[in-house]
Amino acid sequence: MMKHILCLSITLLLLFSASGCAPQEKDTVSDFFLWTDGYIAIADGTSYPFSLSYYYQSQDPPLDPEEIAQVYIPGVEPAKITVSGWNFNELQTDPSSGYQAWGMTFDLTFSQEKLWEICDIGFSLTDGTTLEYPVGTLVFDVGPAADPPSIDEVDIWSSTAATGSSNTYPYKYPLGENNKLLKLTYWADVSIEDSNGLQESGALPLTFSEAPLKVVQPRLEVQIGTERQIVYGNICWCGSLTLSVDDLAACQAYTASRRSGAQ
């Protein structure tokens, strides 16, 4: 329940955060999803709620939530990655930005433990047509199931959930007495580790992409007592607090570029 509430809150935050002058030049697409790159570590066997935000400039959205019959991941068998339980929040951004928007939250279920990469999202409409959109590069690291630690062992909820910079990932995981944070993986194939124990908090660079929005949910390896355990951290939306109209224009250009490259 906590993660569902968090995803909904972040969706609302993203929809209201864009501000500034209207873009001077328009790209060849009028609608797009926020360009989001990220690393999300999750436990196998869980249904994971994830949020995306959709922007458009026309009078009516080319993608109307009321006409969506099914959500899917293009190029992936439905049995491999199941998309279910989606819901929508129809909101507007600041009219001066020239954009309108709505957000969606949906549940993802993965069929096995491995790195899964999602770059696009597809929609089957009630009239039988389909629409597909690039969303960025989202890597889901599905690992072994693990019971969440008690807050006295590792406090996963103290870590920052949203920031104003997409270039830095701040973390904070207070540990119980005699416990150690041994390794923190925060991007695909990118981690920090120390057998003597890492600092409980810090800031790590996110220079792996130019995406205006980056999302990180780390995988921690923690020594609790005498045992080394896997712990899945709290999600952080890096850059969501200062999303600007220039950022939206970059998302629009990214979508246009990806669609042009696919032709």
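Let's start inside, with the residues around the largest cavity. In this predicted model, that cavity is lined by Phe 50, Leu 52, Ile 73, Phe 106, Leu 108, Ile 118, Asp 120, Ile 121, Val 135, Leu 138 and Phe 140. Four strands each give two or more residues to the lining: S3 (48-56), S6 (100-110), S7 (115-125) and S8 (130-143). If you sort the lining by class, you get ten nonpolar residues, no polar ones and one charged residue. How big is the space? The volume of the largest cavity is about 50 Å³, and the structure holds two cavities of 30 Å³ or more. As a general point, rolling a probe the size of a water molecule over the atoms shows where empty space is left.

Let me pick out one of those lining residues, Ile 73. You'll find Ile 73 in the loop between strand S4 (68-72) and strand S5 (81-91). Is Ile 73 buried or exposed? With a relative accessible area of 6%, Ile 73 falls under the 20% cut-off, so it counts as buried. Beyond its neighbours within four places in sequence, Ile 73 is in contact with Ile 81, Val 83, Leu 108, Ile 118 and Asp 120. Look at Ile 118 in particular: it sits 45 residues from Ile 73 along the chain, and the two C-alpha atoms are separated by 7.3 Å.

Now let's step back to the nonpolar cores. The largest one has 46 residues, and the members that touch the most others are Phe 33, Phe 50, Leu 108, Ile 121, Phe 123 and Phe 140. There is also a second, separate core of 25 residues, with Ala 43, Leu 206, Val 231 and Tyr 232 among them. In soluble globular proteins, nonpolar side chains tend to be buried together.

Here is the whole chain for context. Its secondary structure comes to two helices and 17 strands. Of the 263 residues, 48% are buried. And if you take the contacts with a separation of 6 or more, 72% of them are between residues 24 or more positions apart.

One of the helices gives us our next stop. Thr 255 lies in helix H2, which covers residues 245-262. Thr 255 has a relative accessibility of 1%, so it counts as buried. Leaving aside residues within four places in sequence, Thr 255 is in contact with Val 29, Asp 31, Phe 32, Phe 33 and Pro 134. You may remember Phe 33 from the list of core members that touch the most others.

Next, two serines in loops. Ser 166 is in the loop between strand S9 (162-163) and strand S10 (168-172). Which residues does Ser 166 touch, not counting those up to four places away in sequence? They are Leu 206, Ala 211, Pro 212, Leu 213, Lys 214, Cys 238 and Gly 239. Ser 166 is buried, with a relative accessible area of 14%. Its C-alpha atom is separated by 7.8 Å from that of Ser 240, which is 74 residues away along the chain.

The other serine, Ser 209, belongs to the loop between strand S13 (201-205) and strand S14 (213-217). Ser 209 has a relative accessible area of 18%, under the 20% limit, so this residue is buried too. Its side chain makes a polar contact of 2.9 Å with the side chain of Asp 37. Setting aside residues up to four places away in sequence, Ser 209 touches Asp 37 and Lys 214. Lys 214 also appears in the list for Ser 166.

Let's finish with some backbone angles. Most residues other than glycine have a negative phi, and most peptide bonds are trans. Asn 178 is not a glycine, yet its phi is positive, about 75°. Asn 178 lies in the loop between S10 and strand S11 (180-187), and its 63% relative accessibility makes it exposed. Where is Asp 189 found? In the loop between S11 and S12. Asp 189 also has a positive phi, near 65°, and at 76% relative accessibility it counts as exposed.

Right after that comes Val 190, in strand S12, residues 190-193. Apart from neighbours within four places in sequence, Val 190 is in contact with Leu 184, Thr 185 and Phe 208. Phe 208 is 18 residues from Val 190 along the chain, and their C-alpha atoms are separated by 9.9 Å.

Thanks for listening, everyone!

Note on methods:
Residues are numbered from 1 along each chain as its sequence is written. This is a predicted model: local features need pLDDT of at least 70, side-chain atom pairs count only at pLDDT 80 or more; totals for chains, interfaces and linings use all residues. Side-chain values use heavy atoms; hydrogens and water are left out. A nonpolar core is a set of buried Ala, Val, Leu, Ile, Met, Phe, Trp, Tyr and Cys residues joined through side-chain atoms within 4.5 Å. Buried means under 20% relative accessible area, exposed over 50%, partly exposed in between (1.4 Å probe, protein chains only). Contact means heavy atoms within 4.5 Å. On a 1 Å grid over the protein atoms alone, a cavity is a set of points where a 1.4 Å probe fits but cannot get out, and a pocket is an open set with protein on both sides within 12 Å along at least five of seven lines; lining residues have an atom within 4 Å of a point. Grid points are joined across faces, edges and corners, and a volume is the space filled by probe spheres set on the points. Ala, Val, Leu, Ile, Met, Phe, Trp, Tyr, Cys and Pro count as nonpolar, Asp, Glu, Lys and Arg as charged, and the others, Gly among them, as polar. A polar contact is a pair of N or O atoms within 3.5 Å; within protein, one must be able to donate a hydrogen and the other to accept it, and residues adjacent in sequence count only if both atoms are side-chain atoms.
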